Amino acid sequence: MARKTLSRVEFEAEALKHLDALYASGLRFTRDARDAEDLVQDTFLRACRFIEKFEPGTNMKAWLFRILTNTFINKYRRSTRERSLVDGPEREQVTDQLHSPEAAERAENPERALLDRLVSEDVLAAIDAVPIDFRMVVILSDIHDFSYKEIAEILDVPVGTVMSRLYRGRRHLQRSLAGHAAAAGILTEPPAGEKIDLDAYRRLRARAD
Amino acid sequence: MSARIEPSPMDCAELERSLEAYLDGEFEGADRAETEAHIAACATCRARAEARSRARDAVRVRLREAMGAGTPAGRAPAALRARVEQQLARQRRPLWRRIVAPVPLATVAACAAGVLVVLATRGGPDMLMEEAVRGHNRDLPLEVTAAGVGGAEAIPGWFAGKLDFRPAPPRFRASGVKVVGARLSHLREWPAAYIRYELPRGNAGLFIVDDPDQRFHATGREVRMGPSIVRVANSRGYNVAVWRQDEIVYSLVSDLDEADLFGLVATAQAGR
């Protein structure tokens, strides 16, 4: 017989299953282990506070991620120096390189083989270098497999915004990965006509200074 | 007689716009069929879709290897898991424990401010003090301001229902002490009320936590102040005063020097 509410213990057991996923994302959002721990703790504190608002049978992972991102945006992001880069038109300069199949192939896939040679630290640094609004969408989609509709609900933005942020976020990430490959000396010769974007690498250096 | 499908430039532009969504499995039914038909008919878009698909998959694989389940960056630290579990267990406390508010001591002799006797000195700042300093120092935005909620007196009401205890802020009877605002916070796994004060010379942050099981044993210099034992320590350039009132523990973090901090805390003990 279907029950209308989860018991407190069932709720906790279910919520705790998502602790790793919440922490992994929080760590990439905040880029700081202590902040990520605080963020996750706050998330669980708030989840308990709003426990009666959770509808059993709906996606608890998405519900918890909504609390996580809300908490992050309202509390932590304002206190970080990171500036949102989504102020301008979100789809600017995304298609101008994609005129021919060859150009498309280069733009999409400049370092495909090289990707395999990057260590995880480089991959993490590359994702961390993606502007936060895009980074959140890429993580929610490519790591946690949330649908566009779920991401739209988690972030409280229209689906069209999710699509454009994901598109731009993935392009950013690819350029950032290429930048890290170049910085690591793996990529010595950029493909003809391809400009390797080293912004990510420079930002990383600037932060380390 | 069916014409051969001639993909128009418009169709290619449309596919370019929707390719990501198609590859992400967002398309169903007619949309999916239309996209697949175009890709089958148009070599340019087919090459583009294949390239994009390979790039997408390669990045996803590397991302998951770097931060997916089971990787170091994809796993919550054991200490965090323990704290969250304790926090959940704590919030499960029976209802009566959440309702019973601390009863302030009714009559207490006035605090002999200025007559401070150091009872003992045990070590430096402890975990509670370190946590309070860290929390105060991060200077996260306030969730409510005294001005926005209708005065400092409305701050305890703002916390109602947000914590499983009633945080009763002490009254600092010193002139020039102004409540700026508050937010929900925590010290380790314990939910806390945080109130920020503006002082004539500096500022202060007060953490209020519920501690019925007496798990907090503040270290530092121990001073008797009226009815209370107040402990003070220094951490990261801040002075922290910790005192207990029944089940509630107060931690006041401030950039005041020790004497001024004692003076301020003393005003809250008098006439409690």
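Rings of Phe, Tyr and Trp (its six-membered ring) count as a pair if their centres lie within 6.5 Å, with planes under 30 degrees apart called stacked, over 60 edge-to-face and the rest tilted. By that rule, the structure holds nine aromatic pairs over all chains. This is a predicted model, in which local features need pLDDT of at least 70 and side-chain atom pairs count only at pLDDT 80 or more, while totals for chains, interfaces and linings use all residues. Residues are numbered from 1 along each chain as its sequence is written, chains are lettered from A and ligands numbered from 1 in the order in which they are written, and side-chain values use heavy atoms, with hydrogens and water left out.

**Aromatic rings**

- B:Trp158 and B:Phe159 form an edge-to-face pair, because their ring centres are 5.0 Å apart and their planes stand at 75°.
- Both of these residues, B:Trp158 and B:Phe159, are buried (under 20% relative accessible area with a 1.4 Å probe, protein chains only).
- The rings of B:Trp243 and B:Tyr250 have centres 5.4 Å apart and planes at 20°, so this pair is stacked.
- B:Trp243 and B:Tyr250 are buried too.
- In chain A, ring pairs link A:Phe11, A:Phe54 and A:Trp63 into a cluster.

**Charges over rings**

- A:Lys61 lies over the face of A:Phe146, 5.4 Å from the ring centre (the rule asks for NZ of Lys or CZ of Arg within 6 Å of the centre and within 35 degrees of the ring normal).
- B:Arg183 lies over the face of B:Tyr194, at 4.8 Å from the ring centre.

**Nonpolar cores**

- A nonpolar core joins buried Ala, Val, Leu, Ile, Met, Phe, Trp, Tyr and Cys residues through side-chain atoms within 4.5 Å.
- The largest core has 73 residues, and those touching the most other members are A:Phe44, A:Trp63, A:Phe65, A:Leu155, A:Leu173 and B:Leu63.
- Helix H4 (residues 60-76) of chain A gives the most to this core, with nine residues (helices are DSSP runs of H or I, at least four residues, numbered from the N terminus).
- A second, separate core of 33 residues includes A:Leu45, B:Leu163, B:Ala193 and B:Ile195.
- Beyond its neighbours within four places in sequence, B:Leu63 is in contact (heavy atoms within 4.5 Å) with residues including A:Val123, A:Ile127, A:Val138 and B:Gly68.

Methods
Buried means under 20% relative accessible area, exposed over 50%, partly exposed in between (1.4 Å probe, protein chains only). Helices (H or I, at least four residues) and strands (E, at least two) are DSSP runs, numbered from the N terminus.
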